[in-house]
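Hi everyone, thanks for coming. Let me put the sequence and structure up on the screen, and then we can walk through a few parts of it together.

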Amino acid sequence: MGFIQAIKGAVGGTLADQWQDFYGPMTGVSPTAAIFPGIPMGTNRGRGENYKGNANVISNGSKIIVPEGTALITVQEGAVTGIITEPGGYIYNNQDINSKSIFAGDGFIDSLVKSSWEKFKFGGIPAANQLVFYVNLKEIPNNKFGTQSEIYWDDAFFGTQVGALTRGTYSLRIIDPILFVKNFVPVKYLTTGGDIFDFQDMDNDASEQLFNEVVSSLSAAFSLYTNDPGKGNRISRIQSDQIGFAQSLSSAVEEGYQWKSTRGLEIVKTAIVSIEYDEDTKQLMKDVKAADALAGSRGDSFMKQSVARGIQAAGENGGGDGIAFMGMGMNAAMNTMNAMGQSNNPNSYQPNFSQNQQAMNQQPINQQPVNNQQAEQPPVDPTTKLIEMKKLLDAGVITEEEFKKIRFDLLGI
């Protein structure tokens with residue numbers, strides 16, 4: 001017992017002309033409104049208001065329209081007695097055996113409605129008078145979220161915990177009107193003359209609850225997004241990926257508060273207005289940015305430029321020490337740059353102080369010089385060489401690890 005379908009599909013002025021008296025949704029409703037009452041429309045080509053009937057109370061034989069993007073529900077004593085999700089024109093008749101309490105198509109929302117209807121359908125024959133409400137099935141925008149203090153999450157790309165302040169908005173959609181009405185909407189909105197249930201109403205406690213639940217889910221949502229290999233594990237992509245982050249946020253909210261399964265709600269899109277990272281995270285991002293810039297062939301070029309600047313700075317120290325250092329340092333620095341070009345592993349660097357020293361190390365022990373009068377090369381003084389290497393270290397020409405290896409080669413410590 002319930003409704004008889006008079007016309008299926010979109011409704012407009014033609015149907016309004018045929019039905020001089022009918023119920024329809026009230027005009028001027030905010031896009032953020034979720035539930036609003038049906039009102040009797042008048043004889044002014046269906047565009048006025050009929051004050052002969054009571055607002056959102058329909059009786060046997062009443063005609064009613066369901067526009068695109070809305071669902072219609074009838075309520076009696078807190079129970080959902082009928083629901084329509086197919087747009088079109090209908091006649092309410094609680095005595096016709098051919099009338100039905102539910103009209104739903106074959107879409108995703110309609111299948112959910114059919115499932116919920118079997119759980120909550122009205123058990124007896126409904127009375128003559130029913131309260132009629134419209135449920136907004138469109139995307140409901142401009143639901144705000146924001147944090148007053150930093151939230152923290154483990155980030156796979158950085159391999160550590162990062163933190164930030166953030167604020168933005170999200171849009172949501174009612175995917176199951178029956179669950180939404182039965183399990184979430186307060187009773188005061190489902191009575192004769194009740195207020196419009198608007199998510200932006202500052203006095204709407206239910207809306208405030210959703211805000212708090214979203215904020216408490218942000219940390220888990222950031223973690224889901226940045227630890228998903230399909231997202232590239234980069235937090236820098238969140239602000240431009242409205243749908244991707246919305247999916248992570250929706251999953252976090254569902255896991256924590258069961259929006260879909262118990263309330264018939266889902267998050268559709270997000271718009272992050274700002275993310276203010278804490279100081280540790282900022283420094284971490286700065287270091288990663290520098291490392292990215294120094295990767296590959298570009299990094300080799302930057303490193304060689306740095307070595308060249310270090311040599312120049314050492315040569316400009318002045319005095320004999322600076323000149324001697326520059327003469328010795330040029331060979332060592334060139335050897336360093338060549339080693340860098342051959343391997344990215346700093347442990348693979350082998351110091352090459354002079355070709356004569358290398359020749360001496362390779363000469364057989366029993367081999368005598370060809371010319372006894374030839375001047376022998378003076379032995380390398382380890383202390384002097386170590387001092388020269390220390391100057392290279394201070395100038396930034398070689399690294400601390402390279403200096404330690406040279407010291408070990410010279411002194412064995």
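Here is a question to start: which strands and which helix do the buried residues of H2 pack against? They pack against strand S7 (79-84), strand S9 (102-103), strand S13 (160-174) and helix H3 (177-183).

Before going on, a word on the source. This is a predicted model, where local features need pLDDT of at least 70 and side-chain atom pairs count only at pLDDT 80 or more, while totals for chains, interfaces and linings use all residues. Residues are numbered from 1 along each chain as its sequence is written, and side-chain values use heavy atoms, with hydrogens and water left out.

Helices and strands here are DSSP runs, numbered from the N terminus: H or I with at least four residues for a helix, E with at least two for a strand. Back to H2, then. Its buried residues are Ile 109, Asp 110, Val 113, Ser 116 and Trp 117; buried means under 20% relative accessible area, exposed over 50%, and partly exposed in between, with a 1.4 Å probe and protein chains only. These residues cover an arc of only 125° around the axis, so they sit on the same side of H2; the arc is that of the directions from the helix axis to the C-beta atoms. The face turned away from that side carries the exposed residues Phe 108, Glu 118 and Lys 119.

Now look at Ile 83, which is in strand S7. Ile 83 counts as buried because its relative accessibility is 0%. Among the residues it touches are Val 113 and Trp 117, where contact means heavy atoms within 4.5 Å.

Next, the largest nonpolar core, which has 57 residues. Such a core is a set of buried Ala, Val, Leu, Ile, Met, Phe, Trp, Tyr and Cys residues joined through side-chain atoms within 4.5 Å. Ile 35 and Phe 180 are among those with the most contacts inside this core. Helix H4 (residues 205-226) gives the largest share, seven residues.

Let me finish with some rings. Phe 180 and Phe 199 form a tilted aromatic pair, 6.3 Å centre to centre with 45° between the planes. The rule takes rings of Phe, Tyr and Trp (its six-membered ring) whose centres lie within 6.5 Å; planes under 30 degrees apart are stacked, over 60 edge-to-face, and the rest tilted. Both partners are buried, Phe 180 at 0% and Phe 199 at 4%.

Terms used: Lists of a residue's contacts leave out its neighbours within four places in sequence.
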